[in-house]
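Colleague: Hi, could you walk me through this model? I have a few quick questions.

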Amino acid sequence: MEINKVITTEKLLQIMCALQTTLDINFLIENFSNELQSIIPHEYLSYKNIDDKINVTIGKEAKNKLVVDINLNKRKLGKLTLSRKDEFGESESEKIEYLTTLLQYPINNILNYREAIANANIDPITKLNNRMLFNKIIEQEIDFAQRYEQKLLLMMIDLDNFKKVNDEHGHLTGDILLKSVSDFLRKFMRRSDLVFRYGGDEFCIILRNTSLNGANKLANRIRRSIKHEEFICNDYQIKITVSIGLVKINEGDDTPKFIGRADKLLYEAKEIGRNSVITETP
């Protein structure tokens with residue numbers, strides 16, 4: 001099948017222009033889905049890149065799927081999945097195979113951009129994403145979650161009595177403890193979760209497409225595991241606990257409201273005696 005006979009040059013140029021307007025992967029996939037809808041109707045579209053921990057979903061998954069690998073030269077850029085109730089025809093499969101090639105360079109550019117930004121936004125002690133990157137990403141995540149009515153949660157974690165560690169063992173030992181706790185937190189994260197050092201001894205975790213109940217279980221698992229862990233820092237055996245505040249996105253939330261509620265619950269967890277998780281009541 002000659003694609004240019006069924007997809008006009010004007011339409012191809014329209015799609016290509018739409019894909020060149022952003023360096024945000026969420027909006028790139030959104031633009032592609034919108035442009036694709038008139039050519040191949042679909043109820044669900046997702047883009048996943050396991051290596052770069054990217055998982056963008058639009059709509060609700062249906063019975064029939066069409067999956068396309070996206071590659072550029074020898075670089076694997078991820079998978080695109082379309083889904084709907086009706087089966088996809090052979091001609092539609094050929095069209096999406098072709099149209100997906102239009103995503104190759106935009107996605108490759110975004111991945112390179114993300115890598116460059118990440119290198120500038122890594123906390124030197126913990127090797128986690130830093131607060132500057134958190135401030136950029138949280139606004140994008142809130143906007144995307146509200147636009148597509150998706151779940152988004154924020155977990156704020158603070159080490160209890162961390163100042164005492166610095167006072168008794170020195171700041172170098174404190175830094176080693178922060179790095180050890182950061183590595184410990186990573187063990188609990190899914191590929192789609194984002195972990196940040198928010199500042200001092202405080203961490204933030206952005207959780208996508210997670211229920212409040214599931215996130216609460218995760219928070220308590222983190223709390224219990226850290227409580228029972230013994231961290232070896234500069235030959236010192238250090239035990240520490242954490243306090244956690246957990247909230248979900250609400251309609252009308254902006255960044256200050258969302259972060260403010262999590263911070264408030266974290267403060268309450270501290271006030272009731274530390275080593276606690278306070279989860280927002282639905």
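Modeller: Happy to; we can go through the pockets, a helix pair and a few single residues. Keep in mind that this is a predicted model.

Colleague: Pockets, then. What volume does the largest pocket have?

Modeller: Its volume is about 1,100 Å³.

Colleague: And which residues lie nearest the centre of the largest pocket?

Modeller: Those are Arg114, Asn129, Leu133, Ile137 and Leu194, out of 42 residues that line the pocket.

Colleague: Which elements supply at least two residues of that lining?

Modeller: There are three helices and two strands to look at: α3 (25-36), α5 (104-120) and α6 (131-147), together with β2 (54-59) and β6 (194-199).

Colleague: How does the lining of the largest pocket split by class?

Modeller: Nonpolar residues number 19 and charged ones 16, with seven polar residues besides.

Colleague: What about the second largest pocket, what is its volume?

Modeller: That one comes to about 230 Å³. Strands β1 (44-49), β3 (64-72) and β4 (75-84) each give two or more residues to its lining.

Colleague: Which element gives the most there?

Modeller: β4 does, with four residues. Lining residues of this second largest pocket include Lys76, Leu77, Gly78 and Lys79, and also Lys48, Asp51 and Asp69. By class, the lining has five charged, three polar and three nonpolar residues.

Colleague: Let's switch to helices. At what angle do α6 and α10 pack?

Modeller: The angle between α6 and α10 (residues 255-271) is about 105°, and their axes are 10 Å apart. An angle from 65 to 115 degrees counts as roughly perpendicular, so α6 is roughly perpendicular to α10.

Colleague: Which residues make the contact?

Modeller: From α6 you have Phe134, Ile138, Glu139 and Ile142, and from α10 there are Thr255, Phe258 and Ile259. Five residues of that contact are nonpolar, one is polar and one is charged.

Colleague: While we're on α6, is Glu141 buried or exposed?

Modeller: Glu141 sits in α6, and it counts as buried because its relative accessibility is 7%, where the cut-off for buried is under 20%.

Colleague: And what does Glu141 touch?

Modeller: Leaving out residues up to four places away in sequence, Glu141 touches Asn26, Leu152, Leu194, Ile206 and Arg208. Leu194 came up earlier, as one of the residues nearest the centre of the largest pocket.

Colleague: New topic: backbone angles. What is phi of Asn161?

Modeller: Phi of Asn161 is near 55°, so to speak a positive value in a residue other than glycine. Most residues other than glycine have a negative phi.

Colleague: Where is Asn161?

Modeller: Asn161 is in the loop between β5 (152-159) and α7 (162-169). Asn161 counts as partly exposed because its relative accessibility is 44%.

Colleague: What about phi of Asn209?

Modeller: Asn209 is not a glycine either, and its phi is positive, about 45°. You'll find Asn209 in the loop between β7 (202-208) and α9 (212-228). With 38% relative accessibility, Asn209 counts as partly exposed.

Colleague: Last one, where is Gly89?

Modeller: Gly89 is in the loop between β4 and α4 (90-100). Gly89 counts as partly exposed, at 29% relative accessibility.

Colleague: How many residues apart along the chain are Gly89 and Leu66?

Modeller: They are 23 residues apart, and their C-alpha atoms are separated by 10.0 Å.

How values were computed
Residues numbered from 1 in each chain as written. Predicted model: local features only at pLDDT ≥ 70, side-chain atom pairs only at ≥ 80, totals over all residues. Heavy atoms only, no water. Buried < 20%, exposed > 50% of the residue type's maximum accessible area, 1.4 Å probe, protein only. 1 Å grid on protein atoms, 1.4 Å probe; cavity = no way out; pocket = protein on both sides within 12 Å on 5 of 7 lines; lining within 4 Å. Points joined across faces, edges and corners; volume = space filled by probe spheres on them. Nonpolar A, V, L, I, M, F, W, Y, C, P; charged D, E, K, R; others polar. Axes fitted to C-alpha atoms, helices over the stretch in contact; angles between N-to-C directions. Parallel < 35°, antiparallel > 145°, perpendicular 65-115°, else oblique. Contact = heavy atoms within 4.5 Å.
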